[in-house]
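Thanks, everyone, for making the time this morning. I would like to walk you through one model, beginning with a single chain and ending with a single residue.

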Amino acid sequence: MTAAIQQAQNTEDLVFYVRDEEHHAEGSSTALGFWIYLMSDCLIFAILFAIYGVLGGNYAAGPGPQDLFDLELVAINTAMLLFSSITYGFAMLAAEKNRQGATLAWLAVTGLFGLAFLGIELFEFHHLIEMGATPQRSAFLSSFFVLVGTHGLHVTFGIIWLVTLMAQVKMRGLIPANRRRLMCLSMFWHFLDVIWIGVFTFVYLMGMLR
Amino acid sequence: MSTHADAAHNNPVTSAEQHVEGHAEAVHEEGQAHGSMRSYLTGFLLSVVLTAIPFWLVMTGTLSTQLTAVIVVGMAVVQIVVHMVFFLHMDPRSEEGWNIMALGFTLIVVVIVLSGSLWVMYHLNSNMMPDMEMSQLLQ
């Protein structure tokens with residue numbers, strides 16, 4: 001009997017795997033998890049870019065990029081998104097210094113730039129559809145609307161998230177959970193700006209060079 | 001290891017405190033790197049330059065189409081890296097390298113999807129051209 005216990009104690013020293021999960025603070029792996037979500041989102045956009053790359057030249061005797069795109073408008077749009085990126089950065093810096101008012105103010109500015117971006121994009125879409133360049137017109141336009149529209153949809157949900165987060169920060173302050181959420185939205189927002197670089201380069205600028 | 005376990009057993013409170021403290025530090029080291037005002041501004045200025053030049057080149061048409069295309073794509077790639085470093089704070093050390101690993105894997109898949117689709121569909125397109133069949137019939 002005692003020998004058996006002795007035996008058991010001896011074998012206890014041999015550890016082949018971690019029996020107790022190493023303790024992690026709540027949310028310590030959120031950043032990585034969210035990053036992996038962003039990477040899967042990146043794959044969605046990769047597929048949409050591939051579709052646009054394949055179908056982007058099929059005008060079906062309809063209008064092409066040179067007939068439709070207004071680069072000045074796209075440049076303004078790009079500026080809006082870039083400004084919103086830097087203002088979100090300022091919000092993060094303010095949050096780091098525990099300045100709740102400044103954080104909320106910069107988030108509001110970010111949201112306004114985001115809304116300006118969406119407004120200009122919707123104006124562009126409206127203009128295109130009015131001219132008869134609808135998604136049904138050609139494969140080029142179908143893939144264009146899907147790619148740029150999906151990005152716009154992401155920005156829309158980003159703004160909804162931003163407003164929700166502003167309400168949360170207002171109600172509960174810069175608690176660790178809210179900081180974590182701010183960091184996730186920061187990654188999301190900057191990620192959308194990265195996707196937009198691909199859009200304005202490959203859809204608009206390269207479209208004009210075609 | 002055993003001495004540590006003994007100490008923990010003898011004085012659970014202090015060891016728990018130590019554990020928490022140690023963990024707080026670890027979290028700080030593991031977590032996302034935070035940007036500074038300087039890094040955000042650097043990233044912003046670089047992005048402005050890297051956006052303005054391609055737009056200016058395409059809008060004015062100063063250079064040949066081919067050269068413009070190369071510069072435009074090159075600047076986009078550089079700007080994406082700038083955003084990754086200065087805005088998304090990508091750092092091989094954060095998260096023990098797991099986010100770089102995820103990024104690397106994603107990039108491989110993206111390259112396969114893009115180059116594969118374009119390559120296959122380009123050849124499919126050129127092989128399915130109507131005049132292709134005609135010219136083969138005539139031979």
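Before I bring in the database record, one word of caution: UniProt positions are given here in the numbering used for this model, feature names are shortened, and annotations may be inferred rather than shown by experiment. With that in mind, an unreviewed UniProt entry lists residues 32-208 of chain A under "domain: Heme-copper oxidase subunit III family profile". Please also keep in mind throughout that what you see is a predicted model.

In this model, the span 32-208 of chain A is 86% helix and 0% strand, and its end C-alpha atoms lie 38 Å apart. Chain A as a whole has 7 helices and 0 strands, so that, read along the sequence, its pattern is α-α-α-α-α-α-α. Its radius of gyration is 24 Å, well over the 17 Å that the globule rule gives for 210 residues, so chain A is more spread out than a compact globule. Along the principal axes, the C-alpha atoms of chain A fill a box of roughly 90 × 45 × 25 Å, and 38% of its 210 residues count as buried. If we take the contacts in chain A between residues at least 6 apart in sequence, 83% of them join residues at least 24 apart.

Let me turn to where the two chains meet. The contact takes 38 residues from chain A and 41 residues from chain B. On the side of chain A that touches chain B, the elements giving two or more residues are α2, α4 and α7, with the largest share, 13 residues, coming from α2(A). By class, that side of chain A has 27 nonpolar, 9 polar and 2 charged residues.

Now to the interior. The largest nonpolar core has 66 residues, and those with the most contacts inside it are L147(A), M187(A), F188(A), F200(A) and V203(A). Both chains feed this core: α2, α4, α5, α6 and α7 of chain A, together with α3 and α4 of chain B, each supply at least two residues, while α7(A) gives the most, with 19 residues. Leaving aside neighbours within four places in sequence, M187(A) is in contact with F34(A), W35(A) and L38(A), and also with L88(B).

Finally, is F44(B), which sits in helix α3 of chain B, buried, exposed or partly exposed? F44(B) is partly exposed, because 19 other C-beta atoms lie within 10 Å, whereas a buried residue needs 20 or more. The C-alpha atoms of F44(B) and F87(B) are separated by 8.6 Å, although these residues are 43 apart along the chain.

Notes: Residues are numbered from 1 along each chain as its sequence is written. Chains are lettered from A and ligands numbered from 1 in the order in which they are written. This is a predicted model: local features need pLDDT of at least 70, side-chain atom pairs count only at pLDDT 80 or more; totals for chains, interfaces and linings use all residues. A residue is buried if 20 or more other C-beta atoms lie within 10 Å of its own, exposed if 12 or fewer, and partly exposed in between; C-beta atoms are placed from the backbone. A nonpolar core is a set of buried Ala, Val, Leu, Ile, Met, Phe, Trp, Tyr and Cys residues joined through C-beta atoms within 7 Å. Helices (H or I, at least four residues) and strands (E, at least two) are DSSP runs, numbered from the N terminus. Two residues are in contact if their C-beta atoms, placed from the backbone, lie within 7 Å. Ala, Val, Leu, Ile, Met, Phe, Trp, Tyr, Cys and Pro count as nonpolar, Asp, Glu, Lys and Arg as charged, and the others, Gly among them, as polar. The radius of gyration is taken over C-alpha atoms; the globule rule is 2.2 Å times the number of residues to the power 0.38.
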